[in-house]
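New to this one? Take a look at the chain below, and then we'll walk through it together.

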Amino acid sequence: MFKQYWYVFVIGIVLVLWIIVDPAQEQQTSSDDMFVVEDTDTEEVSSEEDTGSTEVMVDIKGEVKQPGVFEMNAEQRVKDVVDLAGGFTEEADQTSINLAERVYDEMVIIVYSSEAEQGTNGSIRQADKIRINQASIEELKELPGVGEVKANAIIEYRESNGPFKDASELTKVTGIGDKTVEQLKEQVQVP
């Protein structure tokens with residue numbers, strides 16, 4: 001009897017094996033894996049977007065109606081901080097700051113009065129101090145012990161590493177040591 005129905009037995013084994021190792025199931029499993037990978041990629045993108053929308057703290061002082069520290073989105077601009085601070089006072093020199101500049105963590109914005117003395121490139125000087133984060137090469141060269149080479153190094157450093165947060169950070173600039181920084185502390189303003 002087995003000899004007569006051997007082909008039924010073989011077909012049955014082939015069907016069982018086909019069900020166990022179904023190519024369509026493998027393909028479906030591969031498709032499921034692809035969806036998992038795509039979901040992971042989507043999560044990475046959204047975490048990058050979250051990083052792009054980092055909250056930062058910004059301090060605004062001077063000639064604004066409500067000076068203070070504000071929590072801002074890193075994509076926002078100085079103009080947005082001024083708006084949150086109630087806008088400018090009547091005495092404010094609106095050209096003393098860059099309203100289009102993006103905010104960053106620990107940023108200090110000082111809005112000077114129109115009576116403050118202007119530097120050569122529009123940067124503001126207050127009480128004969130030079131704002132180290134905005135000063136031009138010519139203004140930096142006015143500082144004691146700073147020539148063209150050191151002035152260029154200061155500008156290159158702030159462009160590469162962001163604005164100075166403290167005058168002592170000048171020691172990180174090539175060619176400027178502790179003695180030079182001590183001379184400069186009373187003559188520079190950060191920010």
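Which helix do the buried residues of helix 5 pack against? They pack against helix 4 (137-141). Keep in mind that this is a predicted model.

**The chain overall**
- You'll find six helices and seven strands here, and along the sequence they run α-α-β-β-α-β-β-β-β-α-α-α-β.
- Of the 191 residues in the chain, 31% are buried.
- The accessible surface is about 12400 Å², with 53% of it belonging to carbon and sulfur atoms.
- If you take contacts between residues at least 6 apart in sequence, 39% of them join residues at least 24 apart.

**Helix 5**
- Helix 5 covers residues 148-161, and because each residue adds 1.5 Å, its 14 residues should span 20 Å; the end C-alpha atoms are indeed 20 Å apart.
- Its buried residues are Ala-151, Ala-153, Ile-154, Ile-155, Tyr-157 and Arg-158.
- Just past the helix, Gly-162 has a positive phi of about 90 degrees.

**The nonpolar cores**
- The largest nonpolar core holds 19 residues, and Ile-132, Leu-140, Leu-143, Ile-154, Leu-170 and Val-173 have the most contacts inside it.
- Helix 5 and helix 6 (178-184) each supply at least two residues of this core, with helix 5 giving the most, at five.
- Looking beyond its neighbours within four places in sequence, Leu-140 touches Ile-132, Ala-135, Val-146, Ala-151, Ile-154, Ile-155 and Arg-158.
- There's also a second, separate core of 18 residues, including Val-56, Ile-97, Val-103 and Met-107.
- As a general backdrop, nonpolar side chains in soluble globular proteins tend to be buried together.

Key: Residues numbered from 1 in each chain as written. Predicted model: local features only at pLDDT ≥ 70, side-chain atom pairs only at ≥ 80, totals over all residues. Heavy atoms only, no water. Helix = DSSP H or I, 4+ residues; strand = E, 2+ residues; numbered from the N terminus. Expected span 1.5 Å × (residues − 1). Buried < 20%, exposed > 50% of the residue type's maximum accessible area, 1.4 Å probe, protein only. Contact = heavy atoms within 4.5 Å. Core = buried A, V, L, I, M, F, W, Y, C linked by side-chain atoms within 4.5 Å. Areas by Shrake-Rupley, 256 points an atom, 1.4 Å probe, with all protein chains shown as cover.
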